[in-house]
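I opened this entry to keep track of what I looked up in the structure. The notes go from the metal site outward to single residues.

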Amino acid sequence: MSSRRMIPALLAAAALSIVIAEAQQKPAAVSAPRIYVFEAGSIKGLDPQLFNFKREELKEVDFVNIAYLVVHPKGTLMFDTGGIPDSAFKPGGEPVTEGIMSATKPLKPQLAATGYKPSDLNYLALSHYHSDHTANANDFAGATWIVQKAERDFMFADKPQGIIQPAQYTALKNAKTRILNNEDLDVFGDGTVVIMSTPGHTQGHQVLFVKLPKRGPVVLAGDLYHYPEERTTGRIPTFEFNAEQSTASRKKIETFIKQNKAELWIEHDIATHAKLPKAPAFVE
Ligand SMILES: [Zn+2]
């Protein structure tokens with residue numbers, strides 16, 4: 001090839017490689033739902049009495065913090081965003097401790113390892129507004145936020161009091177929002193990814209049902225329960241927004257689980273998540 005012809009050829013090759021690189025930035029569409037599990041640290045030093053338990057009644061007192069990404073053929077949904085914001089990590093990447101919460105790695109690099117960026121995601125849902133679930137919520141304000149009306153009303157009330165860090169979710173106020181009125185939502189319209197209203201722990205707590213093709217149906221429980229022992233004893237934490245609602249919501253989900261032969265993943269449960277592959281691996 002003469003040098004006169006070589007330059008346009010090189011330019012064309014360069015342009016092509018840019019096109020390929022751009023195409024590679026977004027992961028290929030999936031053919032069935034999958035769940036990525038992100039490790040968002042832990043909570044240690046909890047008083048079991050807060051949950052109406054004595055120490056000896058619990059197998060494990062400490063919690064893990066978890067966030068999930070659900071990828072469906074028609075789109076993506078982030079469920080919860082961790083307890084320590086990525087901004088708290090120093091460039092050296094040492095573990096961060098804030099009160100009883102700690103984390104060894106930030107969330108967004110784990111998300112990036114799956115091929116997704118916050119700006120790629122279609123939907124964000126929080127199980128609820130407690131600060132161990134909202135740490136990186138602002139990063140997902142480009143997605144459509146799926147939230148129960150009572151939950152949102154509390155989050156943006158004048159001076160909300162509770163286990164909250166409003167600065168972590170202020171950007172959601174102006175996000176495109178799908179507001180639900182104590183209702184469930186079939187997110188992609190085929191029954192495989194469903195937000196289920198479960199008020200009680202907070203005004204508009206919600207859980208997420210995902211029908212996985214290989215593993216089967218799973219309910220991501222948020223804080224409907226904290227310890228597996230709550231499931232067997234029926235005990236309710238001391239700090240519920242409305243304990244009666246919590247009991248009713250648990251009944252709704254237990255019935256659903258039986259009917260659908262679903263697994264329940266308690267979000268803070270160490271044993272549940274110890275057995276699950278972590279992102280960039282996924283559960284399908
Ligand atoms: Zn929690």
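I began at the tail of the chain, where Pro 280 sits in the segment after α6 (270–274). A cis peptide bond joins Ala 279 to Pro 280, with omega at about 15°. I note here that the model is predicted.

**Overall build**

I looked up the secondary structure and found 6 helices and 13 strands in the protein. The radius of gyration is 21 Å, close to the 19 Å that the globule rule gives for 284 residues, so the protein is as compact as a globular protein of that length. I also took the extent of the C-alpha trace, which spans about 80 × 45 × 40 Å along its principal axes.

Next I checked burial and surface. Of the 284 residues, 50% count as buried. The protein exposes about 13,800 Å², and carbon and sulfur atoms supply 54% of that area. For contacts with a separation of 6 or more, I found that residues 24 or more positions apart account for 68%.

**Zinc site**

Which residues are the protein donors of the zinc ion? I listed Asp 132 (OD), His 133 (NE2), Asp 223 (OD) and His 268 (NE2), lying 2.1 Å from the zinc ion. Along the chain these donors follow the spacing D-H-x89-D-x44-H. I then looked at where the two aspartates sit. Asp 132 is in the loop between β6 (123–125) and β7, and Asp 223 is in the loop between β12 (216–220) and α4 (228–233), so the pair ties together parts that are 91 residues apart in sequence. I checked both for exposure: Asp 132 and Asp 223 are buried.

I also looked up the geometry. The angles among the 4 donor atoms run from 86 to 163°, and the site is irregular. Tetrahedral would need all angles between 85 and 135 degrees, and the range of 86 to 163° goes past that upper limit.

**Nonpolar cores**

How many residues does the largest nonpolar core have? I recorded 27, and those with the most contacts inside this core are Phe 38, Leu 69, Met 78, Leu 124 and Leu 172. The elements giving two or more residues to the core are β1 (34–43), β2 (63–72), α2 (107–113), β7 (144–148) and α3 (149–155). β2 gives the most, with 3 residues.

I followed Leu 69 further. Leaving out residues up to four places away in sequence, Leu 69 touches Arg 34, Ile 35, Tyr 36, Phe 38, Thr 76, Leu 77, Met 78, Leu 111, Thr 114, Tyr 116 and Leu 121. Apart from the largest core lies another, of 24 residues, which includes Val 37, Val 187, Leu 208 and Val 218. As background for this section, I noted that nonpolar side chains tend to be buried together in soluble globular proteins.

**Val 64**

I picked Val 64, which lies in strand β2. Is Val 64 buried or exposed? Its relative accessibility is 17%, so Val 64 counts as buried, the cut-off being under 20%. I looked up its contacts beyond four places in sequence and found Gly 41, Ser 42, Glu 267, His 268, Asp 269, Ile 270 and His 273. Among them, His 268 is one of the zinc donors. Val 64 and Ser 42 are 22 residues apart in sequence, and their C-alpha atoms are 4.2 Å apart in space.

**Arg 178**

For a second strand residue I took Arg 178, in β8 (residues 177–180). At 42% relative accessibility, Arg 178 counts as partly exposed. Not counting residues up to four places away in sequence, Arg 178 touches Thr 144, Trp 145, Ile 146, Val 147 and Leu 185. I noted the pair Arg 178 and Thr 144 separately: they are 34 residues apart in sequence and 6.7 Å apart in space, C-alpha to C-alpha.

**Positive phi**

Last, I looked up backbone angles. Asn 182 is not a glycine, yet its phi is positive, at about 50°. Asn 182 is in the loop between β8 and β9 (185–186), and at 55% relative accessibility it counts as exposed. Lys 261, also a residue other than glycine, has a positive phi near 50°. I placed Lys 261 in the loop between α5 (243–260) and β13 (263–265). At 72% relative accessibility, Lys 261 counts as exposed.

Technical notes. Residues are numbered from 1 along each chain as its sequence is written. This is a predicted model: local features need pLDDT of at least 70, side-chain atom pairs count only at pLDDT 80 or more; totals for chains, interfaces and linings use all residues. Side-chain values use heavy atoms; hydrogens and water are left out. A nonpolar core is a set of buried Ala, Val, Leu, Ile, Met, Phe, Trp, Tyr and Cys residues joined through side-chain atoms within 4.5 Å. Buried means under 20% relative accessible area, exposed over 50%, partly exposed in between (1.4 Å probe, protein chains only). Helices (H or I, at least four residues) and strands (E, at least two) are DSSP runs, numbered from the N terminus. Contact means heavy atoms within 4.5 Å. Donors are N, O and S atoms within 2.8 Å of the metal (3.2 Å for Na, K and Ca); water is not among the atoms, so sites may look incomplete. Four donors count as tetrahedral if all angles lie between 85 and 135 degrees; four count as square planar and six as octahedral if opposite donors are over 155 degrees apart and all others between 65 and 115; anything else is irregular. The radius of gyration is taken over C-alpha atoms; the globule rule is 2.2 Å times the number of residues to the power 0.38. Accessible areas come from the Shrake-Rupley method with a 1.4 Å probe; for residues, only the protein chains shown count as cover.
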